[in-house]
Amino acid sequence: MLEPILVEDSTITKLVPSLEGILKDLNEYATFHDYFVALLIVFLAESGFYESSTDRSDLQCPRLRSLRIPKHWKSEETGIYDISFQLEAFPDVKCKLVAIPSGDTLIINFFPLMEEKTTYCICVQTLMYVNPFSSDICGRYRNLKAISHRFKDVLATPVRTDVLTKAGSMGPSLQGLPTELKHKILSMLNVHDVLRMACCSSEFNRLCSEPLLWRKLLQRDYPREYTSWIPTDNNIQSTYRALKRSRKIR
């Protein structure tokens, strides 16, 4: 049997080595929230984020196998977890993971420490993924694939994209693409999809409102009208909508 590589590949008899290794730092008094935040540290490492004090001289695979619980990761007074991370390729941009326990729920915030930052947040019922009554370490977790995808989709990937975009580097998402490629993609969509894209974020709202985009859409969809009468930038979008309404009436 092949050894699992990602946390989501863990089985009821074998945990991924990175998770198995970090759990050695937890003692018998560790809470189910402790086990869950340890899991988040591994998820972040799989996404390229490492605790800020980590030595970057090691290669990624050995580092995944040698993850540790950070010192002072949790306030003794409030129980709040506060850990600094950095994206491996961009160590100058620090990121924060702040997890606030409330009963069996954990409110998880992850954000980059930069101007105009966005804080990404999810609330998790920890006991859905951690079984505190299991005597077997492999049975301590459950539903790992579901929480892995949710955490990475909602927190890790958006923050990674924000950091890469700020650094002017292409990221693994539509948001991380260069502006020129975003314009190209938007110009290939139908108007209904363009209007839906405008609702995704403030950036896409701005891109989908630019006169240059609507000029291209008008030229593509109504070439004869565009050739006979070229509207100004101030009324280009309203002109498109008027032409669309008139076509429906006919």
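This is a tour of a predicted model, stop by stop, with what to select and what is found there.

Residue numbers start from 1 along each chain as its sequence is written, and side-chain values use heavy atoms, with hydrogens and water left out. Because the model is predicted, local features need pLDDT of at least 70 and side-chain atom pairs count only at pLDDT 80 or more, whereas totals for chains, interfaces and linings use all residues.

**The whole chain**

Begin with the full chain coloured by secondary structure: there are ten helices and five strands, where helices (H or I, at least four residues) and strands (E, at least two) are DSSP runs numbered from the N terminus. Of its 250 residues, 43% count as buried, a word that here means under 20% relative accessible area, with exposed meaning over 50% and partly exposed in between (1.4 Å probe, protein chains only). Contacts, which are heavy atoms within 4.5 Å, come from residues 24 or more positions apart in 49% of the cases with a separation of 6 or more.

**The sheet**

Select the five strands next, and an open sheet appears in the order E1-E2-E3-E4-E5, with antiparallel pairing; two strands pair if DSSP finds at least two bridges between them. E1 and E5 stand at the edges with a single partner strand each, so one side of each lacks a neighbour in the sheet. Neighbouring strands are turned against each other by 30° on average, direction ignored; axes are lines fitted to C-alpha atoms, for helices over the stretch in contact, and angles run from 0 to 180 degrees between N-to-C directions.

Now add H4 (144-166), which packs on the sheet and touches E1, E2, E3, E4 and E5, its direction making about 165° with that of E5.

**Strand E2 and its partners**

Narrow the selection to E2, residues 81-87, where five of the seven residues are buried, so that the strand is largely enclosed by the rest of the structure. On one side, E2 pairs with E1 (residues 49-51) in the antiparallel sense over three bridges; to see them, show Phe-49 with its bridge partner Leu-87 in E2, and Tyr-50 with Gln-86. E2 also pairs with E3 (residues 90-102), again in the antiparallel sense, over seven bridges, and here Phe-85 has Cys-95 in E3 as its bridge partner. Follow the backbone from E2 to E3, and a hairpin joins them through two residues.

**The nonpolar cores**

A nonpolar core is a set of buried Ala, Val, Leu, Ile, Met, Phe, Trp, Tyr and Cys residues joined through side-chain atoms within 4.5 Å. The largest has 52 residues, of which Leu-19, Phe-36 and Ile-108 touch the most other members. Among the elements that give two or more residues to this core are H1 (17-22), H2 (32-46), E4 (105-112) and E5 (120-125), and H2 gives the most, with eleven residues. Centre on Phe-36 and show its surroundings: not counting residues up to four places away in sequence, Phe-36 touches Leu-106, Ile-108, Val-124, Thr-126, Tyr-129, Val-130 and Ile-147. Apart from this core lies another, of 17 residues, among them Val-191, Trp-214, Tyr-222 and Ile-236.

**Helix H5**

Move to H5, residues 179-187, and select Lys-182, His-183, Leu-186 and Ser-187, which are buried. Looking down the helix axis, the buried residues fall within an arc of 130°, so they line one face of H5; the arc is that of the directions from the helix axis to the C-beta atoms. Glu-180 and Lys-184, on the other side of H5, are exposed. Add H6 (191-197), H7 (202-207) and H8 (211-221) to the view, since what covers the buried residues of H5 includes these helices.

**Two loop residues**

Two loop residues deserve a look at their backbone angles. His-72, in the loop between H3 (60-65) and E2, has a phi near 55°, a positive value in a residue other than glycine, and counts as exposed at 75% relative accessibility. Asn-143, in the loop between E5 and H4, also has a positive phi near 55°, but counts as partly exposed at 45% relative accessibility.

**Cysteines**

Finish by selecting cysteines. With a disulfide taken as a pair of cysteine sulfur atoms within 2.5 Å, the count comes to zero. Cys-208 is buried, with a relative accessible area of 3%, and its sulfur is 7.8 Å from the closest cysteine sulfur, in Cys-200, too far for a bond. Cys-138 is buried as well, with a relative accessible area of 12%.
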